[in-house]
Structure formats: C-alpha cells, structure tokens
Amino acid sequence: MMQRRCRVTRRVMLGAALSAPFAFAPFRNAFAENKTRLVSLDLLPTELLLTLGVAPIAIANGPLYARLVAEPILPKSVNDLGPLNEPNAEFLQALAPDAILASEWQVSGLAPLKRIAPLIPLATIAPSVSAVDNNIDLMNQLADLTETQGEASLWIRRVETELSAARGAVKARAKRPVYICRFSENGRNVALFGGNGMVGDVVKRLGLSNAWQGRVNASGVTSAGIDQLAENPDAIIVHFDRGRETVQAMRKLAASSIWNALPAVRAGRVVAMPVIYPSGGVYSSIRFARQLVESLPADG
C-alpha cells in the first residue's frame with residue numbers, strides 16, 4: 001500500500017512573464033542560492049528542483065538523468081551518488097546534506113540513510129491523480145522547502161498556459177487517435193503509454209484520443225506485442241527515438257510481416273519524436289506537448 005503523502009516543509013525536513021507557446025526560453029545557467037543542502041535519489045524530484053532553479057548537492061545516477069530526462073540540464077557541480085537504490089552512503093555522509101529526497105517506492109530500502117539526514121518520501125507515483133496535477137503538487141512542496149514559491153507559481157502558470165496553447169494548436173490535427181509508444185530493441189514488443197501517467201495525461205489534456213485504451217501500470221505504461229498496434233487501424237503511431245536502441249528496433253521491424261501489415265505503417269502514419277522521460281515533471285510535460293504538436297501531420 002502506498003504511504004501517505006508527506007507535505008514537504010522545513011518543519012518536516014528538520015523535525016515573470018510566461019514565454020510564448022512552444023518558444024522555450026533558454027534554461028538559466030545561474031541557479032538560485034539555496035541554503036538547504038538537498039540530495040535527490042529519484043529522477044522526478046531532481047527535474048523539479050532544477051526547474052525551480054535549485055541545484056541539489058548530489059543525485060543518484062547522474063548519467064541516467066542525462067540520458068532519460070536531459071532537460072533541465074544538470075549542472076556539472078552536482079555530485080553523482082551512483083545507483084538509484086544503492087547510493088554511496090559513505091560519500092553521502094561526507095556531503096552532510098540537510099535532507100534526502102526519495103520516491104515513496106524507494107524509501108523502504110533506504111532506511112539506513114536516515115542516520116545521515118532526514119529521508120523525505122515523495123509521492124512521485126499517484127495512480128488515482130493525473131500526473132500533471134500530482135507534479136504541480138510536488139513542485140509546490142519542493143518550493144516550500146527551498147523558498148522558491150515565486151518560481152513555482154510561474155512554472156505552474158506556464159504549464160497551464162502551454163498545455164492550453166498546445167490544445168488549440170493540435171485541434172486542427174486531432175482527426176485521428178494516436179498511439180504513443182517506445183519500441184523494444186527486439187522489434188517484437190512495444191511500451192504503450194496511457195492512463196494517468198504523464199504521457200497519457202498530456203495526450204488527454206490536448207484533446208487527443210489515445211488509441212491505447214488497455215490497462216497500464218501505476219506509471220501509465222504497459223508492455224505489449226506490436227500486433228496490439230492493429231487494434232485501432234485509423235491511428236497514428238508516435239514513438240520515442242532512443243537512439244541506437246530505436247535504430248536497432250526499426251531495422252528488425254522493417255523485416256517483420258506483422259509490422260508491415262499494420263494499417264498505420266502501410267499508410268505512412270508513423271512518426272518519431274525525441275525521447276521524453278515518460279514519468280517526468282512540469283518541464284517534461286511542456287516539452288512533450290510541444291513535440292507532440294510538432295510531430296503530428298498537418299492533415300491528421
């Protein structure tokens with residue numbers, strides 16, 4: 001059972017204008033001076049902190065953040081603690097953080113870290129709440145902790161404005177349902193996104209019909225065979241480009257009779273977009289909405 005959410009405040013820890021739609025302002029390089037020395041052990045709180053302009057002193061698995069999340073860019077000054085579930089405890093103790101942020105799913109295995117600093121569990125996965133709303137709630141909690149409420153307010157207004165603008169921009173292109181997916185390197189399986197996860201939530205908020213109506217896990221994703229992409233023959237297939245893995249997948253798919261028989265494939269309704277972390281925060285939601293608008297064909 002998921003633990004109760006922990007409202008992140010200093011008490012718990014210790015005991016302006018919006019950009020035009022789709023015109024992202026460069027992410028600032030100068031991070032706010034933050035007196036609270038935070039460590040983040042999960043990708044989502046790391047993204048949210050950086051979005052607020054707060055650089056943690058260390059995170060778990062920096063290379064994974066750079067590969068899966070990428071933006072906001074992680075400053076070179078941020079230390080890497082190693083794997084998400086096995087951070088370097090000795091290095092962590094030497095850093096002497098004021099608090100350690102982790103997802104609720106992580107905390108049961110990280111209990112020994114409580115001897116180093118307060119361990120704050122965050123509800124990064126909330127199946128009964130839409131991902132965008134949950135991320136806004138998490139951003140407000142982290143803003144209370146880091147005294148960046150002004151930044152949080154700007155970003156919350158921005159995500160609402162950007163998603164509304166994307167909905168208007170995609171309205172003329174929303175003639176077909178869309179599959180949002182990621183192909184496995186083996187060319188036989190596909191990850192399909194839906195439900196209340198970030199990807200499924202943004203698709204819904206843009207007024208698009210998600211071609212995948214099957215079950216998904218708590219993060220809004222499921223694994224299926226590529227034959228499942230035939231269930232909605234009128235759909236557009238939008239897939240995340242993961243570089244070498246996707247190149248290998250597309251090579252195998254090109255030789256697949258099942259793939260070549262799909263109506264979307266025969267009609268040329270398959271488009272790729274740069275990879276977005278599907279469990280990302282406010283920043284990732286805006287990026288995904290912008291890329292989805294840019295990816296959909298003008299003729300629907």
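**Two open sheets, a linking salt bridge and the largest pocket**

Five strands build an open sheet of mixed pairing, in the order E8-E7-E6-E9-E10. Its edges are strand E8 (221-225) and strand E10 (270-274), each of which pairs on one side only. Direction ignored, neighbouring strands of this sheet are turned against each other by 35° on average. The model described here is predicted.

Within this sheet, strand E9 (residues 236-241) and E10 run parallel. Five bridges join the two strands. Histidine 239 stands opposite alanine 272, a residue of E10. A helix also packs on the sheet: helix H12, residues 282-295. H12 touches strand E6 (178-183), E9 and E10. The direction of H12 makes about 150° with that of E10.

A further open sheet also has five strands. The order is E3-E2-E1-E4-E5, and the pairing is parallel. The edge strands here are E3 and strand E5 (119-122). Each of these pairs on one side only. Strands of a sheet pair through backbone hydrogen bonds, in either the parallel or the antiparallel sense. Strand E1 (residues 38-40) pairs with strand E2 (residues 58-59) in the parallel sense, over two bridges. In this pair, serine 40 faces isoleucine 59 of E2, the two standing opposite each other. Helix H6 packs on this sheet, touching E1, strand E4 (99-103) and E5. Between the direction of H6 and that of E5 the angle is about 155°.

Salt bridges were then examined. Side chains of opposite charge can pair when their charged atoms come close. A search of the whole structure finds six salt bridges. One pair is formed by arginine 287 and glutamate 71, whose closest N and O atoms are 3.9 Å apart. This pair links distant parts of the chain, 216 residues apart. Arginine 287 belongs to helix H12, the helix that packs on the sheet containing E9 and E10. Glutamate 71 lies in the loop between helix H3 (62-69) and strand E3 (79-80).

The loop between H3 and E3 holds further backbone features. The peptide bond from glutamate 71 to proline 72 is cis, and its omega is near -5°. Proline 72 lies in this loop between H3 and E3. Alanine 70 is found there too. Phi of alanine 70 is near 70°, a positive value in a residue other than glycine. Glutamate 71 thus appears in both the salt bridge with arginine 287 and the cis peptide bond to proline 72.

The largest pocket has a volume of about 490 Å³. Its lining comprises 32 residues. Nearest the centre lie Ile125, Ser219, Tyr277, Pro278 and Ser279. By class, 19 of the lining residues are nonpolar, ten are polar and three are charged. Helix H2 (43-51) and helix H6 (131-146) each supply at least two residues of the lining. H6 gives the most, with three residues. Helix H6 therefore has two roles in this description, as a contributor to the pocket lining and as a helix packed on the sheet at E1, E4 and E5.

Methods:
Residues numbered from 1 in each chain as written. Predicted model: local features only at pLDDT ≥ 70, side-chain atom pairs only at ≥ 80, totals over all residues. Heavy atoms only, no water. 1 Å grid on protein atoms, 1.4 Å probe; cavity = no way out; pocket = protein on both sides within 12 Å on 5 of 7 lines; lining within 4 Å. Points joined across faces, edges and corners; volume = space filled by probe spheres on them. Helix = DSSP H or I, 4+ residues; strand = E, 2+ residues; numbered from the N terminus. Nonpolar A, V, L, I, M, F, W, Y, C, P; charged D, E, K, R; others polar. Pairing = 2+ DSSP bridges. Axes fitted to C-alpha atoms, helices over the stretch in contact; angles between N-to-C directions. Contact = heavy atoms within 4.5 Å. Salt bridge = Lys/Arg side-chain N within 4 Å of Asp/Glu carboxyl O.
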